[in-house]
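User: Hey, I've got a protein model open and I'm a bit lost. Can you walk me through it?
Analyst: Sure, let's look at it together.

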Amino acid sequence: ILSRGILLFAALGLIPLWRIAGLSATDLHLRPIKLSQLLKAYPLGLSVVAPLILFFMVSGFRVIDDRVDYSDIDIWLFVLTALLSGLLVGIFEETLFRGVLFTVLRRTLGFVFSACIVGVLYSCVHFLDAQAIENLQIHWYSGYAHVWAAFAGLASPAGYWDAFIAVFLLGVFFCWIREHAGLWWCIGLHAAWVFAIRLFKEVTVRDIYNPFEVLVSSYDNFVGLLVFFWLLFIFVVLRLGRSVQST
């Protein structure tokens, strides 16, 4: 409840942020609200993640956790929480990164530079270590110390470089979607991916000794080289398809 509440207030806090940047909801592609795009993007997002999940299952990298009791209400509460949190994450992160930041940068830079900058920032925030301080003593400056210590998560790039480039490419991919289809498509895709990945990891366990472990980062046991090459393949197919349509 606390973490989702913070995320909700953070999403609401984006409103004064984009006002300070001189933007409107229309500039960010948030208005008009296009629920039809959201509803189309969500199942498409699930279908994009599905081949990755299938590969993990077929290869034995992840196996069904037989400890999960599907008759227990807790698992269904988790499904509901994952649905809501996926939507909140999609709204917050897409409004911030592909909405505010990308729109501001796009005004002065080309698409490539804007997308790359947003992609790097988007990837970096995923590797902040929020649990960096142990036995934290509460003082007036404790919050600042905790935030500063969280950046220690970026200190060892050799341990997460494969996940970093995958999340970076995902950030660039979302910028391309924002450019050509709008922000609501990004929100729908993002929400679906968060939901699918969280639920899949909840009902499965990882096989530690697997020949395909090199394709998956230890960051979250899902994102890694496999996700990077899958996104790259989708990106190339979309670009080629758009080029064919334009000719």
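Analyst: One term before we start: a helix here is a DSSP run of H or I with at least four residues, numbered from the N terminus. Leucine 87, for instance, sits in helix α3. Also keep in mind that this is a predicted model.
User: Okay, is leucine 87 buried or exposed?
Analyst: In between: leucine 87 is partly exposed, and its relative accessible area is 34%. Its C-alpha atom is 4.8 Å from that of alanine 191, although the two are 104 residues apart along the chain.
User: Cool. How many helices and strands does the chain have?
Analyst: Eight helices and two strands. In sequence order the pattern reads α-α-β-α-α-α-α-α-β-α.
User: And what's the radius of gyration?
Analyst: The protein chain has 19 Å. A compact globule with 247 residues would be near 18 Å, so the two agree. The C-alpha trace spans about 60 × 50 × 40 Å along its principal axes.
User: What share of the residues is buried?
Analyst: Buried residues are 41% of the 247. In general, nonpolar side chains tend to be buried together in soluble globular proteins.
User: Which residues touch the most other members of the largest nonpolar core?
Analyst: That core has 60 residues, and the ones touching the most other members are Trp18, Leu30, Phe56, Phe173, Phe174, Trp193 and Phe222. Several helices supply at least two residues each, among them α1, α2 and α3. The biggest contribution comes from α7, with 12 residues.
User: What does leucine 30 touch?
Analyst: Leaving out residues up to four places away in sequence, leucine 30 touches Trp18, Ala25, Thr95, Leu183, Trp184 and Ile187.
User: Switching topic: where's the kink in α2?
Analyst: At valine 49, shortly before proline 51, and the kink is about 30 degrees. Helix α2 covers residues 35-59, and at 1.5 Å a residue its 25 residues should span 36 Å. The end C-alpha atoms are 37 Å apart, which agrees. Valine 49 is also one of the buried residues of α2, which include Leu52 and Phe56.
User: What comes after α2?
Analyst: Glycine 60, with a positive phi near 80 degrees.
User: Last one: which residues of α5 are buried?
Analyst: Ser142, Ala149 and Ala150. They cover an arc of only 105 degrees around the axis, so they lie on the same side of α5. The face turned away from that buried side carries the exposed residues Tyr144, Val147 and Trp148.

Definitions and conventions
Residues are numbered from 1 along each chain as its sequence is written. This is a predicted model: local features need pLDDT of at least 70, side-chain atom pairs count only at pLDDT 80 or more; totals for chains, interfaces and linings use all residues. Side-chain values use heavy atoms; hydrogens and water are left out. The expected span of a helix is 1.5 Å times one less than its number of residues. The bend at a residue is the angle between axes fitted to the seven residues ending there and the seven starting there. Buried means under 20% relative accessible area, exposed over 50%, partly exposed in between (1.4 Å probe, protein chains only). A nonpolar core is a set of buried Ala, Val, Leu, Ile, Met, Phe, Trp, Tyr and Cys residues joined through side-chain atoms within 4.5 Å. Contact means heavy atoms within 4.5 Å. The arc is that of the directions from the helix axis to the C-beta atoms. The radius of gyration is taken over C-alpha atoms; the globule rule is 2.2 Å times the number of residues to the power 0.38.
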